[in-house]
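Good morning, and thank you for making time for this presentation. I would ask you to keep the sequence and the structure in view while I speak.

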Amino acid sequence: MGYQQYGISPQLVERIKLKMKNPAVKERIKKLIDGVTKADLQDKAKVRRLIKSSAVIMNENFSPAQEEQFVAFVIGQKIDPNNTFHLIKLWGMFR
């Protein structure tokens, strides 16, 4: 799995996936990422801000090392939120 190459643990991913099944949390995260562009997802500062905001929404405490892993993962994926293929690829990675 791609996220494991960045040092992100499968247990953490499972915990976050479980939290994302809560409709209230899911809606707050959707509002947070509404309008995010490909350029935003290649900007370390913006990605770090999104990660910190989503951690607060999900009531998670990420270590600085985990934040760096998430930032590296997001930037490394070169995600284009307007490209359906990119979104399907991410969905498949985390199903």
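Let me begin with a definition: a residue is called buried when its relative accessible area is under 20%, exposed when that area is over 50%, and partly exposed in between, using a 1.4 Å probe and protein chains only. What we have here is a predicted model, in which local features need pLDDT of at least 70, side-chain atom pairs count only at pLDDT 80 or more, and totals for chains, interfaces and linings use all residues. Residues are numbered from 1 along each chain as its sequence is written, and side-chain values use heavy atoms, with hydrogens and water left out.

I shall start with helix α3. Helices here are DSSP runs of H or I with at least four residues, strands are runs of E with at least two, and both are numbered from the N terminus. Helix α3 covers residues 44-58, which is 15 residues. The expected span of a helix is 1.5 Å times one less than its number of residues. For α3 that gives 21 Å, and the end C-alpha atoms are indeed 21 Å apart, so the two values agree.

Which residues of α3 are buried? They are V47, L50, I51, S54, A55, I57 and M58. Viewed down the axis of α3, these buried residues fall within an arc of 160°, so they line one face of the helix. The arc refers to the directions from the helix axis to the C-beta atoms. On the face turned away from that buried side, α3 carries the exposed residues R49 and V56. The cover over the buried residues of α3 includes α1 (10-20), α2 (23-33) and α4, where contact means heavy atoms within 4.5 Å.

Now the two ends of this helix. At the N-terminal end, D43 caps α3, with a side-chain oxygen 3.1 Å from the backbone nitrogen of A45. A polar contact of this kind is a pair of N or O atoms within 3.5 Å; within protein, one must be able to donate a hydrogen and the other to accept it, and residues adjacent in sequence count only if both atoms are side-chain atoms. After α3 comes N59, whose phi is positive, near 60°. Most residues other than glycine have a negative phi. N59 is located in the loop between α3 and α4 and is exposed, at a relative accessible area of 67%. A second case is K78, which is not a glycine yet has a positive phi of about 50°; K78 sits in the loop between α4 and α5.

I turn next to charged side chains. A salt bridge is a side-chain nitrogen of Lys or Arg within 4 Å of a carboxyl oxygen of Asp or Glu. How many salt bridges does this rule give? The count is 6.

Within helix α1, K17 forms a salt bridge with E14, and their closest N and O atoms are 3.2 Å apart. The two residues are 3 residues apart, about one turn of the helix. K17 is partly exposed at 23% relative accessibility, and E14 is partly exposed at 45%.

Helix α2 offers a pair with the spacing of 3 residues, again about one turn, namely K30 and E27. Their side chains meet in a salt bridge at 3.7 Å, N to O. K30 is partly exposed at 44% relative accessibility, and E27 likewise at 41%. K30 also lies 10.0 Å from S54, C-alpha to C-alpha, although 24 residues separate them in sequence.

The side chains of E60 and K19 meet in a salt bridge as well, at 2.7 Å, N to O. E60 is in the loop between α3 and α4 and K19 is in helix α1, so this pair ties together parts that are 41 residues apart in sequence. E60 is buried, at 8% relative accessibility, whereas K19 is partly exposed, at 25%.

Finally, consider D80, in the loop between α4 (64-77) and α5 (84-94). What is the nearest side chain of opposite charge to D80? It is K38, 5.0 Å away, and D80 is buried yet has no salt bridge. For this purpose Lys and Arg count as positive and Asp and Glu as negative, while His and the chain ends are not counted. Leaving aside residues up to four places away in sequence, D80 touches K38, H86 and L87.
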